[in-house]
Amino acid sequence: MTTAFLSDAQFLEHDTGPGHPERSERLIATLGVVEKQPWFSSLAPLSPTPVDDGWIAQIHSTNYLARAEEACRRGQPFLDTPDVSISRRSAEIARLAAGSGIVIADRLMDGEIDNGFALVRPPGHHAETETALGFCLFNNIAILA
């Protein structure tokens, strides 16, 4: 059985600021535990690819996507709600996070792997069509589905 694993140092560049619950240190700590497991070396490593606008448009409006990118470009501290802290590269990094599930699903559908998992950030399961919520810029789960 082939299990894929996807993560990338770029996910650490989504800067939510000091003390935010969803911060780089969470991913660093999780990776530290996973990498020490005896089975880690048997995982098939994958690299993230940014999600295409067409996939995002299935879930989020083009207006929302443009607004999220502009907020990051301007260096705003958050998007829509204070729990969705952002930085200048957050939209770019969120595209990588949203694309990660698609990378794994494509390899699964091609028969190259039997299963897989990704450790990414920002997370992506709370965002709605027009609103960032719960630390999430995009709804990665809905995009993948």
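**Sheet, hairpin and pocket in a predicted model**

Strand S1, which covers residues 3–6, runs parallel to S2 and is joined to S2 by three bridges. The model described here is predicted. Within this pairing, Ala4 has Ala44 of S2 as its bridge partner. The two strands belong to an open sheet of three strands, in which the order is S2-S1-S5 and the pairing is parallel. Strand S2 (44–46) and strand S5 (115–118) are the edge strands, each of them paired on one side only. From one strand to the next, the twist of the sheet averages 25°. Helix H4 packs on this sheet and touches S1, S2 and S5. The direction of H4 makes about 170° with that of S5.

Strand S1 also takes part in an aromatic contact. Two aromatic pairs are found when the whole structure is searched. In one of the two, Phe5 and Phe40 are arranged edge-to-face, with 5.4 Å from centre to centre and 75° between the planes. The angle meets the criterion for this class, because planes over 60 degrees apart count as edge-to-face. Phe5 lies in strand S1, whereas Phe40 lies in the loop between H1 and S2. The two residues are 35 apart, and the pair thus links distant parts of the chain.

A second strand pairing involves S3 and S4. Strand S3 consists of residues 78–79 and strand S4 of residues 81–85, and the two pair in the antiparallel sense over two bridges. Leu79 stands opposite Thr81 in S4. Together, S3 and S4 form a hairpin with one residue between them. Asp80 is located in the loop between these strands. The phi angle of Asp80 is near 70°, which is a positive value in a residue other than glycine.

Another backbone feature occurs in the loop between S5 and H5, where Pro122 lies. The peptide bond that joins Arg121 and Pro122 is cis, with omega of about 0°.

Arg121 appears again in the description of the largest pocket. This pocket has a volume of about 450 Å³. Its lining comprises 21 residues, and those nearest the centre of the pocket are Ala118, Leu119, Val120, Arg121 and Pro123. Helix H1 (24–35), helix H4 (90–109) and helix H5 (140–144) are the elements that give two or more residues to the lining. The most is given by H4, with six residues. Helix H4 is also the helix described above as packing on the sheet. Sorted by class, the lining of the largest pocket contains 12 nonpolar residues, six polar residues and three charged residues.

How values were computed: Residues numbered from 1 in each chain as written. Predicted model: local features only at pLDDT ≥ 70, side-chain atom pairs only at ≥ 80, totals over all residues. Heavy atoms only, no water. 1 Å grid on protein atoms, 1.4 Å probe; cavity = no way out; pocket = protein on both sides within 12 Å on 5 of 7 lines; lining within 4 Å. Points joined across faces, edges and corners; volume = space filled by probe spheres on them. Helix = DSSP H or I, 4+ residues; strand = E, 2+ residues; numbered from the N terminus. Nonpolar A, V, L, I, M, F, W, Y, C, P; charged D, E, K, R; others polar. Pairing = 2+ DSSP bridges. Axes fitted to C-alpha atoms, helices over the stretch in contact; angles between N-to-C directions. Contact = heavy atoms within 4.5 Å. Phe/Tyr/Trp six-rings, centres within 6.5 Å; stacked < 30°, edge-to-face > 60°.
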